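Here's a quick walk through one protein model, written for someone who likes to know the cut-offs. Have a look at the fold, then read on.

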Amino acid sequence: MNAKHRAGYRLFEILSPLVFAILIPSHGLTQTQSNLTKHSPVEANQTTDFAVGRSPDAILFDGTNIWVANQLGDNLMKLNASDGSNLGTFPTGTRPVALAYDGANIWVANKFSNNVMKLRASDGILVDTIKVGRGPEALLFDGSSIWVANGGDNSVTKLRQSDGATCTFIVGTRPVALASDGKNVWVANNDSSSVTKLRADDGTNLGTFSAGKGPMGVAFDGINVWVTNFYSKNVTRLNTDGSLKDRIAVEDGPAAVSFVGGFILVVNYGSRSVSQIEPQSGRVVQTFAVGRGPLDLAFDGTNIWVANGGSNSVSKIKSTSQSPTP
């Protein structure tokens, strides 16, 4: 993909051009990799693609419908989860790049507007627009508050849902992803090659820990914290005290990561694929082919949905028979 096309994507803005990522080898892999088995991409008839807006960057499931943030379209699209039909398109600020759902509302981070918007999920009506830090790039709802990673000023804002009160905490360089372990918020610092652990109650910094090169995503599986390392072509698995458990090889350009359906799912931007990892063993048990430049994923309870930033589409992947090892 050429620089002109990549210029619209969040990865282009926070990382060097993709070609350099392809040339950088993986480092520091542990014995976990020796147990990996290679799998063919899922059959084509298991994946259906739907056209959306320009450069879809984020995707989520609200319990009924799929929402897609089209970064270069400055809008959100609401899709019917059963057939992918468009149920509505709603304007946002400039460069919507992240989404969260609080049980009633869709929150969207507008990177170039330095704000977040709150839209009613039932009809897409704008409820509120709230100023945050510079370059918001990630959102998280922890059950009571909305957390915003401000990539432009190396901070995280905690936005209290009840009254809109905010607190801001300094983290590493260019925070781009957030995850909750129930008590703490984990922040992936893209330019620091690290993750920061914040106590959710008051934002106290409980430590900053090494990840890999260019961390892009973070997730919690109930036991461990998983961090995707875009330049390292691997995923770092951390214990909850921040110590390294291991590193697991995936495909090129791992970006978003989620724990869904009993598996860790990793979106591989450079390989146009999703890796499905069994979390206990760390084995890659399945690889799914998707569209160009996949950036984010969501799970509707049955199917995996992937936002393909490079092909203006989302892929819907049918659930497979793979199941976690007891």
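## Around strand β27

D296 has A307, in β27, as its bridge partner. That pair belongs to a longer ladder: β26 (residues 294-299) and β27 pair in the antiparallel sense over 5 bridges. Here two strands count as paired if DSSP finds at least two bridges between them. The two strands make a hairpin with 4 residues between them, and G301 in the turn has a positive phi of about 100°.

A307 also has a partner on another strand, V314 in β28. β27 runs antiparallel to β28 (residues 313-317), with 5 bridges joining them. This is again a hairpin with 4 residues in between, and N312 in its turn has a positive phi of about 50°.

## How covered is β27?

Strand β27 (residues 304-308) has 5 of its 5 residues buried, so it is largely enclosed by the rest of the structure. Buried means under 20% relative accessible area, exposed over 50%, and partly exposed in between, using a 1.4 Å probe and protein chains only. Both faces are covered: I304, V306 and N308 are buried on one side, W305 and A307 on the other.

## A four-stranded sheet

Earlier in the chain, 4 strands line up as β22-β23-β24-β25 in an open, antiparallel sheet. β22 (254-260) and β25 (283-289) sit at the edges with a single partner strand each, so one side of each has no neighbour in the sheet. From one strand to the next, the twist averages 20°; the angles are taken between N-to-C directions, from 0 to 180 degrees, of lines fitted to C-alpha atoms.

Within this sheet, β23 (residues 263-268) and β24 (residues 273-278) run antiparallel and are joined by 5 bridges. V267 stands opposite V274 in β24.

## The whole chain

The protein chain has 3 helices and 28 strands. These are DSSP runs numbered from the N terminus: helices are H or I with at least four residues, strands E with at least two. Of its 326 residues, 59% count as buried. The chain exposes about 12400 Å², with carbon and sulfur atoms supplying 49% of that; the areas come from the Shrake-Rupley method with a 1.4 Å probe.

Among contacts (heavy atoms within 4.5 Å) between residues at least 6 apart in sequence, 42% join residues at least 24 apart.

## Fine print

This is a predicted model: local features need pLDDT of at least 70 and side-chain atom pairs count only at pLDDT 80 or more, while totals for chains, interfaces and linings use all residues. Residues are numbered from 1 along each chain as its sequence is written, and side-chain values use heavy atoms, leaving out hydrogens and water.
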